[in-house]
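Colleague: I should be grateful for a close look at a single part of this structure, together with an account of its surroundings.

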Amino acid sequence: MSRASNTQIGRRQFLVAGAGVSGSLVLGLPFAVSLAAEPSAAQTSQQRTLGFFIEIDRTGLVTIGSNQPEIGQGVRTALPMLVAEELDIEWQNVRVTQMPLGIVKTADGFTWKYGGQGVGGSTGLTSNWEFMRQVGAQARAQLMLAAAQRWNVPVAQCGTRPGYVVHQGGQRELSYAELVGSAALLQLPEQSAPLKAATDYRIIGKPRHSIDNRDVVTGKAVYGIDSTIPGVHYAAIARSPILNGRVKSFDDKQVLKMPGVVQVLRIEGPKPGEWYRILADGVAVVANSTWAALQARDALRIEWSESPNASDSSEAFWQENRRMLKGKGQVVLDDGDVDAALSNAETHVVHQYQVPFVSHAPLEPQNCIVHVKENSAHVIAPTQMPSGASRAVAAVTGIARENIFVEMTKVGGGFGRRLSNDYVAEAAMISKQSGLPIKLQWSREDDIRNDFYRPAGLHEMRAGLDAQGRVVAWSQRLASASKYFRRPNMPDEDLWKAELYIDDFPRRRIENVRMEYFHNRIGLPRGSWRAPAHTANAFVVQSFIDEIAHDTGQDPLQLRLELLGKAEPLEYSNHGGPTFNPGRLSKLLTFVAEKIDYGRARKKGSGVGLAAHFTFGGYAAHAIEVSVSQSGELQIERIVAAIDCGLAVNPQSVKAQLEGGTIDGISTALGLEITVKDGQVQQSNFHDYPLMRIEQVPARFEAHILPYDDMPTGVGEMGIPSAAPALTNAIFAASGQRIRTLPIKDQLKKARRA
Amino acid sequence: MISFRLNKVSVAFEAEPGTPLLWVLREHFDLKGTKFGCGIGQCGACTVHVNGGAQRSCVTQVAAVEGQNVTTIEGLAPADDSLHPVQQAWLSHDVPQCGYCQAGQIMAAADFLKRFPRPSDQDIDQHISNVCRCGTYVRIRKAIHHAAQLIASES
């Protein structure tokens, strides 16, 4: 276990966090106040603040600052749990407030004021695990020191019970509320405070409901779309419907006469090949209400110029993928001797799998408030990356980043879409040009047609088996449109890195493994979609193992367990490493198989499918039971999902993420696909981009947590990758029909009609 | 001038009669619990009650509620610091993740339970069509059943 080094990292972040004001955690306090003084009645809330994150009021209520964006993954509850645990307070006395972006300019560039801020790659909890516990522990140490001074006793004689500093086992005590005023004046101790042993946890590991939910169910929670600023004007943008198209000319005469319309502005998009500061070229309308802006935007008459992507189509894209796979690609992994092993193999299994482009479609359409003033800017954004928002506004306005104030709101879904701050840049462009405080609103159509889509690809899988049915050679050849398309300073030979994670299973479990990449081109912007390439690769690998088993007369569970092998840490250099322990997947697979009664014979038309995958440090497995009727009607009967995330800090939220991730995986596999024709995205809203609804989700749905050790992993993305292959493996078990192309859509019914 | 009752209070709105009720609620009356999700009545994030029945406010012109009773999530509970049984059940099951769709889900469920006081899973499947992008459906189903019990025990 690498706890010592992690603690050092935590300590360093903590000091950076405290470096805003004279190297201490004391924030804006008058120095004249005597350390021993009783808190005065006139104390402001700032004077009851310990560091940047903790404020204790007179009644003992503790407000904890959450430094990360809350996108539904539960950090606004889980991170304060870490602070509360070490601070030693009762959870019911905790309130949480959202902190803004905190960056500090130094001689070496910008550094974090409140620790690193931004959520992606399921790192929100793991990267703050040491840091937030230190925040709580340091504040507790300050409170104990304040009590020791008050009592004039050595601090070593002091301890705490929830909300109180106690002298020598309870002789006397003082509440945190009584102590905070003087504790706030103490310098941060040189040493980091000791952290609790896992066996002493009272809050970590206990299920806690989301701290915001009362506000959510009463409609009081404030998202980006609910925010406002004084003098706000509303904006909408008409973007080029054709990929990389540009405005040739536009006529705004009629639009300027429409009620509520204030201004019409040209918005310069990136040129073909340039990085996407924003997604498209267009024309913006500024109005006195969102509805007026959207109406006027639709009424604009715009002539668009020719685009180099005007003839792009999905059909041509897939054709090209098939053609490419006939040639030789870039070999990115070549363990052992795949050619020799294949030529010596007794049996070959070869199949192709197709994974489509998909859109993020967070339910809160993109929106952002920006007020660009002369030398400063105010930003209110639903974003996963507030520092990116700050950079975006600086880039389009020229305002120094230290003068850009970025507030984060609650976010109506992230899924990787709001790692990009293109909509922030757009709002800044409009505010700069108009001189007005602007609230930019996207429609759903804007969102579906303008996204950083999850890359699509065609995978050719080949395995060689020896006479005993052991897999001795494995090859994955992928032709795809890389996520790294149009990234600055990204050479073509590195594009594969976003799509193939070379250390993924079954590497190091099969001696001869090769991966080959072919970079296909299409004008669709691409980006990170929850569990990025794991979604495609888990579908492909977990489907293919199932096929190998069926094609060679083996049991799919047994073959999986044999391939996973014994429990041991394997080197893993991709995100989520440094190790991957296949034994943790075996344990989960065995568990879900038992829960769903895998061995039991099912009636005709019913079947069970299994899959397991390691994603960004966490482990998950699914067992799904389906029935397929004579006419090809698919019914998901039962889902058993299990996760091993090390220590589950908030089991309530871990299960929620596992449930939601599973449904996201299944929803996407069932019906979601973005296609292109004549250079245009063909989908536009939920009628043709049909997210799953409750009728498709079985009432029999279990989410289980299998604990492992006392270090947590993230949980936001682990529930997705194995869900789709478990479903399609179940469809095969039930019907004999193998789904090799996603989405499933009406493939089952079509096959019956054929 | 369009007059209607909004969360039990008489109000009037003067503007384009074709404006969707959603935007009137959000930007004119500052009731922002009702959310914009799709604008075409597909997702249900904008669900409100008109005369007690669930309606998608993004495709309801404000002129259509002239003289009607409109209830939003802010007015669903019987009193300011109390909760409707559906809201209570939603809290008990810790339903929301990002939470964006949940006001609409709750409004849809509250109306549904008036029509189906003891619903089966099939009833839920057939009559609850709101979209949740986070996939909280497992808990929504449990919370609807729980709310049905709470309502039954209240009356």
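In which helix of chain A is Ala427(A) found? Please describe that residue, and then the elements around it.

Modeller: The model is a predicted one. Ala427(A) belongs to helix H11 of chain A, which spans residues 422-434. With a relative accessible area of 0%, Ala427(A) falls under the 20% limit and is therefore buried. Leaving aside residues up to four places away in sequence, Ala427(A) touches Cys368(A), Val370(A), Ile438(A) and Leu440(A). Cys368(A) and Val370(A) fall within strand S17 of chain A, residues 367-372, while Ile438(A) and Leu440(A) fall within strand S20 of chain A, residues 438-441. Ser359(A), by contrast, lies 68 residues from Ala427(A) in sequence and 22 Å from it in space, taken from C-alpha to C-alpha.

The sheet beneath these contacts deserves a description of its own. Seven strands of chain A form an open sheet in the order S12-S13-S10-S20-S17-S18-S19, and their pairing is mixed. Its edges are S12 and strand S19 (404-408) of chain A, each of which pairs on one side only. From one strand to the next, the twist averages 20°. As a general point, the strands of a sheet pair through backbone hydrogen bonds, in either a parallel or an antiparallel sense.

Within this sheet, S17(A) pairs with strand S18 (residues 377-381) of chain A in the antiparallel sense, over four bridges. In that pairing His371(A) stands opposite His378(A) of S18(A). Helix H11(A) packs on the sheet and touches S10, S12, S13, S17, S18 and S20 of chain A. The direction of H11(A) makes about 35° with that of S17(A). A second helix, H7 (residues 290-299) of chain A, lies across S10, S12, S13 and S20 of chain A. H7(A) runs at about 25° to S10(A).

Strand S13 (residues 282-287) of chain A, which both helices touch, may be followed in more detail. Strand S10 (residues 233-239) of chain A is joined to S13(A) by six bridges, and the two run antiparallel. Tyr234(A) has Ala287(A) as its bridge partner in S13(A). Strand S12 (residues 261-267) of chain A likewise pairs with S13(A) in the antiparallel sense, again over six bridges. Here Val261(A) stands opposite Ala287(A). Ala287(A) is thus the partner of Tyr234(A) in the pairing with S10(A) and stands opposite Val261(A) in the pairing with S12(A).

The burial of S13(A) completes the description of this strand. In a regular strand, side chains alternate between the two faces of the sheet. On one side of S13(A), Gly282(A), Ala284(A) and Val286(A) are buried, and on the other Val283(A), Val285(A) and Ala287(A) are buried, so that both faces are covered. Because six of its six residues are buried, S13(A) is largely enclosed by the rest of the structure.

Elsewhere in chain A, two further helices pack against each other. Helix H3 (residues 129-151) and helix H4 (residues 176-183) of chain A meet at an angle of about 90°, their axes 9 Å apart. H3(A) and H4(A) are therefore roughly perpendicular to each other. H3(A) contributes Arg140(A), Gln142(A), Leu143(A), Ala146(A), Ala147(A) and Arg150(A) to the contact, and H4(A) contributes Tyr176(A), Glu178(A), Leu179(A), Val180(A), Ser182(A) and Ala183(A). By class, seven residues in the contact of H3(A) with H4(A) are nonpolar, two are polar and three are charged.

Some backbone features of chain A lie in loops. A cis peptide bond, with omega of about 10°, joins Phe505(A) to Pro506(A), and Pro506(A) lies in the loop between strand S22 (471-480) and strand S23 (512-519) of chain A. Leu742(A) and Pro743(A) are also joined by a cis peptide bond, with omega of about 0°. Pro743(A) is in the loop between helix H17 (723-735) and helix H18 (747-753) of chain A. Asp597(A), although not a glycine, has a positive phi of about 60°. The loop that holds Asp597(A) runs between helix H15 (582-595) and strand S26 (606-615) of chain A. At 36% relative accessibility, Asp597(A) counts as partly exposed, whereas Ala427(A), at 0%, is buried.

Technical notes:
Residues are numbered from 1 along each chain as its sequence is written. Chains are lettered from A and ligands numbered from 1 in the order in which they are written. This is a predicted model: local features need pLDDT of at least 70, side-chain atom pairs count only at pLDDT 80 or more; totals for chains, interfaces and linings use all residues. Side-chain values use heavy atoms; hydrogens and water are left out. Buried means under 20% relative accessible area, exposed over 50%, partly exposed in between (1.4 Å probe, protein chains only). Two strands pair if DSSP finds at least two bridges between them. Axes are lines fitted to C-alpha atoms, for helices over the stretch in contact, and angles run from 0 to 180 degrees between N-to-C directions. Contact means heavy atoms within 4.5 Å. Angles under 35 degrees count as roughly parallel, over 145 as roughly antiparallel, 65 to 115 as roughly perpendicular and the rest as oblique. Ala, Val, Leu, Ile, Met, Phe, Trp, Tyr, Cys and Pro count as nonpolar, Asp, Glu, Lys and Arg as charged, and the others, Gly among them, as polar.
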